[in-house]
Amino acid sequence: YNLFLAGFLLGTAFLLKTVAIFDLGALLFFFFTILFWKNIKNWLVKSFLLGLAFVIPIVATTLFFLITGGLADFMTAAFSQNVSYVGVQWLLFMKLLLLAGFCLAIFLKRKTLSQSQIFIYCWLGFSVFNAFFGGRPWIHYLLVALPAFCLFTALILEDKKLRTINIILAVVLLILFAKNFWLYGKTLSYY
């Protein structure tokens, strides 16, 4: 039930902001990392359930707009207009390579990490990718990384074994965030 609900909510979030697909990716990679080698059937069942629940709101919304005659406008508004946000294609490819490398490192270290550590690292990696996906400097893009970064901060405080590596990673992320995102200087007067 919880897995189905999570998939449904992620599908609904995808309708509002397509980058929610990266949270689905993080969850699927988490299941893959902890379950695939132990119990492939369990991984397939969980992945199918999550994926099925994810597509239900998308299919329902698509059918609604098909029936009401607004499918073309819906597809343009929901999906086509977002393509321009991706920015430079080679840069996106480099970001994908970094995410793949990070996922590979998690996967290779899966036996030495707890499930909660794997979950936090998966979500952090995909959230950071999500924040940098569009290549825009607006601070609200960091909101997608905030929950995972908060969990990561707690992990730094709790896990003494990997504290040095985690602190280095946190500093690198904070520098990247500071150099790539900026606050509008006149925010209070603007609002």
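**Exercise 1.** In this predicted model, determine how helix 6 (residues 115-133) and helix 8 (residues 163-180) pack, starting from their angle of about 15° and their axes 12 Å apart.

*Solution.* Begin with the angle between helix 6 and helix 8, which is about 15°. Angles under 35 degrees count as roughly parallel, and helix 6 is therefore roughly parallel to helix 8. The handedness completes the description, since the crossing of helix 6 and helix 8 is left-handed.

Next, list the residues that make the contact: helix 6 contributes Y121, L124, V128 and F132, while helix 8 contributes N166, L169, L173, L176, F177 and N180. Sorted by class, this contact of helix 6 with helix 8 comprises eight nonpolar and two polar residues, with no charged residues.

**Exercise 2.** Classify the aromatic pair formed by F119 and W123, and state whether each residue is buried, partly exposed or exposed.

*Solution.* First locate the two residues: F119 and W123 both belong to helix 6, where they stand four residues apart, or about one turn of the helix. Then consider the geometry, in which the ring centres are 5.8 Å apart and the planes make an angle of 45°, and the pair is classed as tilted. Finally, turn to accessibility: F119 has a relative accessible area of 31% and W123 has 22% relative accessibility, so both count as partly exposed.

**Exercise 3.** Which residues form one aromatic cluster, and how many aromatic pairs does a search of the whole structure find?

*Solution.* The search of the whole structure finds 19 aromatic pairs. One aromatic cluster is formed by Y121, F132, F149, F152, F177 and F181. Comparing this cluster with the helix contact, Y121 and F132 of helix 6 and F177 of helix 8 appear in both.

Definitions and conventions. Residues are numbered from 1 along each chain as its sequence is written. This is a predicted model: local features need pLDDT of at least 70, side-chain atom pairs count only at pLDDT 80 or more; totals for chains, interfaces and linings use all residues. Side-chain values use heavy atoms; hydrogens and water are left out. Axes are lines fitted to C-alpha atoms, for helices over the stretch in contact, and angles run from 0 to 180 degrees between N-to-C directions. Angles under 35 degrees count as roughly parallel, over 145 as roughly antiparallel, 65 to 115 as roughly perpendicular and the rest as oblique. A crossing is left-handed if the near helix is turned anticlockwise from the far one by less than a right angle, and right-handed if clockwise. Contact means heavy atoms within 4.5 Å. Ala, Val, Leu, Ile, Met, Phe, Trp, Tyr, Cys and Pro count as nonpolar, Asp, Glu, Lys and Arg as charged, and the others, Gly among them, as polar. Rings of Phe, Tyr and Trp (its six-membered ring) pair if their centres lie within 6.5 Å; planes under 30 degrees apart count as stacked, over 60 as edge-to-face and the rest as tilted. Buried means under 20% relative accessible area, exposed over 50%, partly exposed in between (1.4 Å probe, protein chains only).
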